[in-house]
Amino acid sequence: MIIEKTGKICEGLYSIGYHFIPAFLLMSTPPVLFDAGLTIAGPRYLEDLEEYLGDINKLGYIFLTHSHYDHCGAVPFLKRNIPGLKIAAGKQAAEILKKPNAVKLMKSLNEDYEQKFRKQIGTADISFSTIDIDILFEDDDEYDLGDGWNIQVIATPGHTKDSVSYYIPKVKALIPGEATGVYDGNFEIQSEFTSSYRDYIRSIEKLLTLDVDIMLLPHIHILTGEDAGQHIQKSLESAQAFMKRIDTLLSRFNGDRDAVINDICAEDYEGKQTVLQDKRSYLLNLGAKVKAVAEER
Ligand SMILES: [Zn+2]
């Protein structure tokens, strides 16, 4: 089944915020939120936390999948509102989230959305800022949160160097961030090997060994049952096909990366119009994927 809205997913697991930028709430002790997307979603996350937890201060942790602006944008706002909150991420994320240039770019990308969502935000101070990471995860770490809620941390670099996936064996749920790509408007997988194609493939191969009943993707789609089970293999095939397409274009355009980016953007973004991402982020990511393939050929 494919779920495209927020709300209860299964006993103890909820999707909150806006469906295009959900965060996942696990009702463990204390409760954990996985990712906290764009700054604009902050007030909505808070409303939903209030609804499901009664008291927002019960939230113990935010576990981040990676250090991108649309996965940790609302963390500073939530930290300001929930003082006891602890933030956990893959160990490389801590450095990035303190770098002035990275913080500046993430703030600016979030501000693009803030202008569009003025009305919904109201007067709340949702501004992005430096994030201090309290807990640094390594590959194979396990986090026991009582009542059988054990969380396995799996390092899945390739989308970013600091990408980690979280597996919750009790309900066979996987939160991969963008380690397995995202779906476009045609329900085709858009591969996201923005830091390394080779690492991305190795990471997907690692995830293939898991028994997954619930796949919690970061933008819009939650997959259950057979759809969840088949997703990782489909991600592997999509990534291999997209790499080949970039490789062929690099040969055709004599290694001219900008020509490759323009060709793909014209066909996919302008032509098919099925990409569910704003153009600035799409081009940033596409440029990084072309670079990754060009440098690993
Ligand atoms: Zn990302």
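## Helix packing and backbone oddities

Trainee: Which residue follows H9, and with what phi?
Mentor: Bear in mind that this is a predicted model. Right after H9 the backbone takes on a positive phi. The residue there is Gln-273, with phi near 55°.

Trainee: How far apart should the ends of H9 be, and how far apart are its end C-alpha atoms?
Mentor: H9 covers residues 257-272, which makes 16 residues. At 1.5 Å a residue, the expected span is 22 Å. The model agrees with that, since the end C-alpha atoms of H9 are apart by 21 Å.

Trainee: Where is the kink in H9 centred?
Mentor: The helix bends by about 35°. Cysteine is the residue to look for, and the centre of the kink is Cys-265.

Trainee: Are H9 and H10 parallel, antiparallel, perpendicular or oblique to each other?
Mentor: H10 is residues 279-296, and its axis lies 10 Å from that of H9, at an angle of about 130°. Roughly perpendicular stops at 115 degrees and roughly antiparallel needs over 145. The pair therefore counts as oblique.

Trainee: Which residues of H9 make that contact, and how do the residues of the contact divide by class?
Mentor: H9 brings Arg-257, Val-260, Ile-261, Ile-264, Cys-265 and Tyr-269. Facing them in H10 are residues including Tyr-282, Leu-286 and Val-290. By class, the contact of H9 with H10 comes to ten nonpolar, one polar and three charged.

Trainee: What is the handedness of the crossing of H9 and H10, left or right?
Mentor: Look along the pair with one helix in front of the other. The crossing of H9 and H10 is right-handed.

Trainee: How do H7 and H8 run relative to each other, roughly parallel or roughly antiparallel?
Mentor: H7 (residues 197-207) and H8 (residues 225-252) have axes that come within 9 Å and cross at roughly 165°. Anything over 145 degrees falls in one class, which means that H7 and H8 are roughly antiparallel.

Trainee: How many charged residues does the contact of H7 with H8 have?
Mentor: On the H7 side sit Tyr-197, Tyr-200, Ile-201, Ile-204 and Leu-207. H8 answers with Ile-232, Ser-235, Leu-236, Ala-239 and Met-243. Nine residues of this contact are nonpolar and one is polar, and the charged count is no residues.

Trainee: Which residues in H10 does H8 meet?
Mentor: H8 and H10 cross at roughly 75°, with axes that come within 10 Å; that makes the two roughly perpendicular. The H8 side consists of Met-243, Ile-246, Asp-247 and Leu-250. In H10 they meet Lys-289, Val-290, Val-293 and Ala-294.

Trainee: Is the peptide bond from Thr-29 to Pro-30 cis or trans?
Mentor: Pro-30 belongs to the loop between strand E4 (21-26) and strand E5 (32-34). Omega from Thr-29 to Pro-30 is near -5°, and the bond is cis.

Trainee: What is the phi of Asp-140?
Mentor: Asp-140 lies in the loop between strand E8 (135-137) and strand E9 (142-144). Its phi is positive although the residue is other than glycine, and the value is near 75°.

Methods:
Residues numbered from 1 in each chain as written. Predicted model: local features only at pLDDT ≥ 70, side-chain atom pairs only at ≥ 80, totals over all residues. Helix = DSSP H or I, 4+ residues; strand = E, 2+ residues; numbered from the N terminus. Expected span 1.5 Å × (residues − 1). Bend = angle between axes of the 7 residues up to and from the residue. Axes fitted to C-alpha atoms, helices over the stretch in contact; angles between N-to-C directions. Parallel < 35°, antiparallel > 145°, perpendicular 65-115°, else oblique. Left-handed = near helix turned anticlockwise from the far one by under 90°. Contact = placed C-beta atoms within 7 Å. Nonpolar A, V, L, I, M, F, W, Y, C, P; charged D, E, K, R; others polar.
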